[in-house]
Amino acid sequence: MSETGGVREVKSAARTVELLELLAARADRPARLQELADELGVPRSSMYALLQTLVGRGWVRTDVTGSLYGIGIHALLTGTGYLDSDPRVRLVRPFLDEASESLGETIHLGRLDGRGVAYLATRESHEYRRTLSRVGRRLPAHAGALGKALLAERPDGELPEGPYEALTPHTRTSREALLADLAEVRARGHSVDREEGVPGIVGFGFALRYDVPAQDAISCSVPVSRLTPGHEERIVAVMREIRAAIESTAPDSAGGADWR
């Protein structure tokens, strides 16, 4: 049994979290009872009891036949509470608006979460819109501008061994290739993602250094068809200014608890 801070992990709580994370990761692919039991290595009867408890509390939903299960609405309500209560998100949101209005492109705020980046806020471009919002979703850190900006803030020794998941034909999947890219990020001062995470999209990422090491980053995403050398230069200049403004405002004004 694992321990956290010297306290033994509660097995039933860990199993509940694992189940919710599994259902959330499946997105629009509901699961059957046996699938979930097999995936988590839990007896079918125990999994059924856990599912019924969570269905009753709104954390899991089921179809009219009671045979399919998906993530419930209370997961959304809790996630919204996280965003509303986070002082860094509240601090950065107005600057995202400013960057979006100035550049006319999509601007993101993301936070490092293990080997991925969770999207906390997005301002969509008026020129093009995705049908699916990224807020509350997670992208592997090695495959996007936000993640690479944050990985570059850490020692190379913390980078796990590859190979890494390929999201597009342009994703860097070897540790050596990613290390070389991160060295360029440090020298340049920002990351560049040229269709590595999403086909047809180029991203520019900037770590927010109000925490050490940086946990949050902002990025600007642009369709390849809209990106010219002149526009790229302006994006980098504006985003650097926005980052500086956020960092100069953050230290004493974010307020609230100093979360781990």
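Here are a few exercises on this structure, each with a worked solution.

Before you start: this is a predicted model, where local features need pLDDT of at least 70, side-chain atom pairs count only at pLDDT 80 or more, and totals for chains, interfaces and linings use all residues. Residues are numbered from 1 along each chain as its sequence is written, and side-chain values use heavy atoms, with hydrogens and water left out.

**Exercise 1. Work out the strand order of the open sheet of 6 strands, and its edges.**

Step 1: Get the terms straight. Strands (E, at least two residues) and helices (H or I, at least four) are DSSP runs numbered from the N terminus, and two strands pair if DSSP finds at least two bridges between them.

Step 2: Read across the sheet. The order is S8-S7-S6-S11-S10-S9, and the pairing is antiparallel.

Step 3: Pick the edges. S8 (138-140) and S9 (191-194) each pair on one side only.

Step 4: Zoom in on one pair. S6 (residues 106-113) and S7 (residues 116-123) run antiparallel and are joined by 7 bridges; His108 sits opposite Thr122 in S7.

**Exercise 2. Describe the surroundings of Glu196: is this residue buried or exposed?**

Step 1: Locate Glu196. You'll find this residue in the loop between S9 and strand S10 (201-208).

Step 2: Check accessibility. Glu196 has a relative accessible area of 3%, so it counts as buried (under 20%; exposed is over 50%, partly exposed in between, with a 1.4 Å probe and protein chains only).

Step 3: Look for a polar partner. The Glu196 side chain makes a polar contact with the side chain of Lys148, at 2.9 Å. Such a contact is a pair of N or O atoms within 3.5 Å, one able to donate a hydrogen and the other to accept it within protein; residues adjacent in sequence count only if both atoms are side-chain atoms.

Step 4: List the company. Setting aside neighbours within four places in sequence, the contacts (heavy atoms within 4.5 Å) of Glu196 include His142, Leu167, His170, Arg172 and Asp181.

**Exercise 3. Find what lies across S3, S4 and S5.**

Step 1: Order the strands. They form an open antiparallel sheet, S3-S5-S4.

Step 2: Find the edges. S3 (31-32) and S4 (60-62) have a single partner strand each, so one side of each lacks a neighbour in the sheet.

Step 3: Check a pair. S4 and S5 (residues 68-71) share 3 bridges, with Arg61 opposite Gly70 in S5.

Step 4: Add the helix. H1 (residues 11-26) lies across these strands, at about 95° to S5; axes are lines fitted to C-alpha atoms, for helices over the stretch in contact, and angles run from 0 to 180 degrees between N-to-C directions.
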